[in-house]
Amino acid sequence: MNRLTGKVALVTGAGRGIGAAIAHAFAREGAAVVLAELDMQTAQATCHEITTQCPDARVTAVRTDVTSATSVREAVVDAERLFGPLDVLVNNAGINVFCDPLTMTDDDWRRCFAVDLDGVWNGCRAVLPGMVERGRGSIVNIASTHAFKIIPGCFPYPVAKHGVLGLTRALGIEYAAKQVRVNAIAPGYIETQLTRDWWNGQADAEAARRTTLELQPMKRIGQPDEVAMTAVFLASDEAPFINASCITIDGGRSAVFHD
Ligand code: NDP
């Protein structure tokens with residue numbers, strides 16, 4: 001409790017899944033939280049859940065499309081008007097775009113990069129000037145194990161996620177001397193709608209789910225809360241010398257040489 005007291009955080013894509021879990025955890029730890037989300041229905045519902053569980057929580061939802069630099073800048077302005085200067089940004093919004101490279105449409109390529117890489121850059125660019133000026137700040141980018149591993153048939157998502165890792169390292173180094181830390185989290189399989197949609201898109205959803213679990217060293221997939229706890233750590237003052245790094249949360253899956 002209170003590991004983020006006095007901090008102001010903005011979390012993109014926080015209406016559901018990992019983003020919602022991060023918003024919950026941040027509020028529990030005392031941060032004022034802005035849920036920057038495309039879908040206001042899920043964002044408002046998550047805000048309501050948070051205030052039901054933590055009546056003193058300071059939370060609000062702001063409609064944000066991370067693919068638009070203007071929309072993200074406006075969300076930051078709204079957040080700072082309401083709660084004060086941002087200490088923490090979590091670039092969480094992301095989508096799966098899994099194609100065969102040669103039959104993929106230009107639209108699929110652009111959709112993937114617009115959300116999964118431009119979205120992260122739009123967030124960083126909107127908060128960095130203020131963080132640099134204040135000489136403090138923590139940015140947490142939700143990458144993926146796809147940021148350093150390739151699963152055939154998932155193109156171009158891993159290309160964008162490799163980019164998120166590169167962006168994290170580059171910005172972490174650019175602004176290190178200003179005491180602004182930029183880190184990434186690389187989740188493996190986490191139980192969210194994104195993952196359920198992937199299973200449901202397979203010929204036999206139940207078999208796909210079973211296969212995923214069997215391949216996991218821990219014989220289970222992760223929960224959104226397990227990612228949120230690491231986001232709290234990276235956002236907090238407990239990680240002052242962790243910068244330009246990536247923490248993998250996959251139960252060991254990416255360390256396995258072959259299945
Ligand atoms: P979900 O699909 O459950 O949630 C993503 C949220 O982001 C949704 O609320 C979605 O809103 C929102 N969103 C999508 N596009 C935009 C946009 N343009 N602007 C603002 N918000 C947007 O995904 P997860 O919680 O599973 O994933 C969160 C992050 O974690 C992503 O970056 C993903 O790549 C990453 N990740 C997830 C893994 C997993 O196993 N679940 C594994 C590795 C990485 P809407 O409902 O309107 O689309």
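Visitor: Before we look around, which residues count as nonpolar, and how does the shell around the ligand divide?
Guide: Ala, Val, Leu, Ile, Met, Phe, Trp, Tyr, Cys and Pro count as nonpolar, Asp, Glu, Lys and Arg as charged, and the others, Gly among them, as polar. Keep in mind that this is a predicted model. Sorted that way, the residues of the ligand shell come out as 11 nonpolar, 11 polar and 5 charged.

Visitor: Okay, which residues come nearest to the ligand?
Guide: There are 27 residues around the ligand. Five of them come nearest, and they are Arg16, Glu37, Asn92, Tyr157 and Thr192.

Visitor: Which helix gives the most to that shell?
Guide: Helix 1 (17-28), helix 5 (157-174) and helix 6 (193-200) each supply at least two shell residues. The one that gives the most, with 3 residues, is helix 6.

Visitor: Why does the ligand lie between two domains?
Guide: Let's see who gives residues to the shell: domain 1 (8-187 + 224-248) does, and domain 2 (193-221) does too. Because both contribute, the ligand lies between domain 1 and domain 2.

Visitor: How much of the ligand does the protein bury?
Guide: Let's start with some contacts. A backbone N or O atom of valine 66 sits 3.0 Å from a ligand nitrogen, and a backbone N or O atom of asparagine 92 is 2.7 Å from a ligand oxygen. Threonine 192 joins in with a side-chain N or O atom, 2.5 Å from an oxygen of the ligand. Taken alone the ligand exposes 900 Å², and the share of that buried by the protein is 91%.

Visitor: What about the second largest pocket: which strands give two or more residues to its lining?
Guide: This pocket has a volume of about 290 Å³. Its lining has 16 residues, with Gly137, Gln179, Val180, Arg181 and Pro240 nearest the centre. The elements giving two or more residues to that lining are strand 6 (137-142) and strand 8 (180-187).

Visitor: And how do the residues of that lining divide?
Guide: We can sort them into the nonpolar, polar and charged groups again. For the second largest pocket, the lining comes to 6 nonpolar, 5 polar and 5 charged.

Visitor: Is the peptide bond from phenylalanine 155 to proline 156 cis or trans?
Guide: Proline 156 is found in strand 7 (residues 155-156). The bond leading to proline 156 from phenylalanine 155 has omega near 5°, and it is cis.

Note on methods. Residues are numbered from 1 along each chain as its sequence is written. This is a predicted model: local features need pLDDT of at least 70, side-chain atom pairs count only at pLDDT 80 or more; totals for chains, interfaces and linings use all residues. Side-chain values use heavy atoms; hydrogens and water are left out. A residue is near a molecule or strand if one of its heavy atoms lies within 4 Å of it. A polar contact is a pair of N or O atoms within 3.5 Å; within protein, one must be able to donate a hydrogen and the other to accept it, and residues adjacent in sequence count only if both atoms are side-chain atoms. Accessible areas come from the Shrake-Rupley method with a 1.4 Å probe; for residues, only the protein chains shown count as cover. Helices (H or I, at least four residues) and strands (E, at least two) are DSSP runs, numbered from the N terminus. Domain bounds come from an automatic or database domain assignment. On a 1 Å grid over the protein atoms alone, a cavity is a set of points where a 1.4 Å probe fits but cannot get out, and a pocket is an open set with protein on both sides within 12 Å along at least five of seven lines; lining residues have an atom within 4 Å of a point. Grid points are joined across faces, edges and corners, and a volume is the space filled by probe spheres set on the points.
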